[in-house]
Amino acid sequence: AICELIKGESVYDILGLAFLNSDKNVWSRKPSYIEDLDSLPFPDWSLVENVYNTGIVVTSRGCKSNCNFCSVSRFWKGYRHRSAGNIVAEMDLFYQKTQQRNFVFVDDAFGAEGSYAEELCELLESRNYILNVTMRPIDATRELLSALSKAGCNKIAFGIESGSACMLKSLCKSNDLEVNYQALRYSVEFG
């Protein structure tokens with residue numbers, strides 16, 4: 001919306017804009033969601049100082065769960081992910097520019113569709129990158145955690161939320177205590 005405003009477009013024609021006009025709230029048309037995440041350009045890392053020496057990578061948008069405390073599924077309206085090849089190309093470019101091998105996948109639900117995540121891990125195996133991911137316990141299959149380990153993952157943050165079955169149910173979590181325990185057992189198994 002900022003680019004359109006700078007170009008002088010009418011505020012009424014800009015998608016996704018809300019504003020106050022004569023004490024009335026005005027909402028323009030909702031923008032459509034970008035379905036093809038591979039169509040987005042890679043970040044321009046020259047614009048920020050990378051004090052952590054880490055590549056921040058978003059491999060997907062959205063979440064398949066509908067936890068009642070979380071806005072992700074409502075904000076992104078579903079779940080979609082980039083292709084494994086596109087993600088690796090971004091990571092390789094970051095490495096070429098910075099010589100840094102550390103990456104954090106900041107997805108809300110990395111691996112919610114395991115096939116792309118397993119393909120990504122396979123492509124990363126020979127690159128000697130260090131990965132940190134955030135994922136739902138329900139997506140932590142034995143196959144995916146094994147693949148993550150082989151790809152260089154050394155840290156996983158799981159959205160466990162609670163050790164109480166009653167609390168998990170009240171939060172509308174897609175995982176239960178056994179799913180949480182299983183994710184942790186696989187994590188220990190694959191280091």
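A nonpolar patch on the surface of this predicted model is formed by Ile-56, Val-58 and Val-106, which together have about 220 Å² of accessible area. Such patches consist of residues with over 30% relative accessible area and no salt bridge (a side-chain nitrogen of Lys or Arg within 4 Å of a carboxyl oxygen of Asp or Glu), with nonpolar side chains (Val, Leu, Ile, Met, Phe, Trp, Tyr) joined within 5 Å and like charges within 9 Å. Accessible areas were obtained by the Shrake-Rupley method with a 1.4 Å probe, only the protein chains shown counting as cover for residues. Ile-56 is part of strand β3 (residues 54–57); strands (E, at least two residues) and helices (H or I, at least four) are DSSP runs numbered from the N terminus. Ile-56 counts as partly exposed because its relative accessibility is 45%, where buried means under 20%, exposed over 50% and partly exposed in between (1.4 Å probe, protein chains only).

Residues are numbered from 1 along each chain as its sequence is written, and side-chain values use heavy atoms, with hydrogens and water left out. Local features need pLDDT of at least 70 and side-chain atom pairs count only at pLDDT 80 or more, whereas totals for chains, interfaces and linings use all residues.

The largest nonpolar core (buried Ala, Val, Leu, Ile, Met, Phe, Trp, Tyr and Cys residues joined through side-chain atoms within 4.5 Å) comprises 35 residues, of which Met-91, Phe-105, Phe-110, Leu-124, Leu-131, Met-135 and Leu-148 touch the most other members. Two or more residues each are supplied by α3, β6 (102–105), α4 (114–124), β7 (130–135), α5 (142–151), β8 (153–158) and α7 (177–189). The greatest contribution, six residues, is made by α3.

Within α5, the buried residues are Leu-144, Leu-145, Ser-146, Ala-147, Leu-148 and Ala-151. These pack against α4, β7, β8 and α7. Apart from its neighbours within four places in sequence, Leu-148 is in contact (heavy atoms within 4.5 Å) with Phe-110, Cys-121, Val-133, Met-135, Cys-153 and Ile-156. Gly-152, which follows α5, has a positive phi near 105°.

Helix α3 (residues 84–98) also contains Asp-92, which counts as buried because its relative accessibility is 18%. The side chains of Asp-92 and Arg-127 are joined by a polar contact of 2.9 Å; a polar contact is a pair of N or O atoms within 3.5 Å, where within protein one must be able to donate a hydrogen and the other to accept it, and residues adjacent in sequence count only if both atoms are side-chain atoms.
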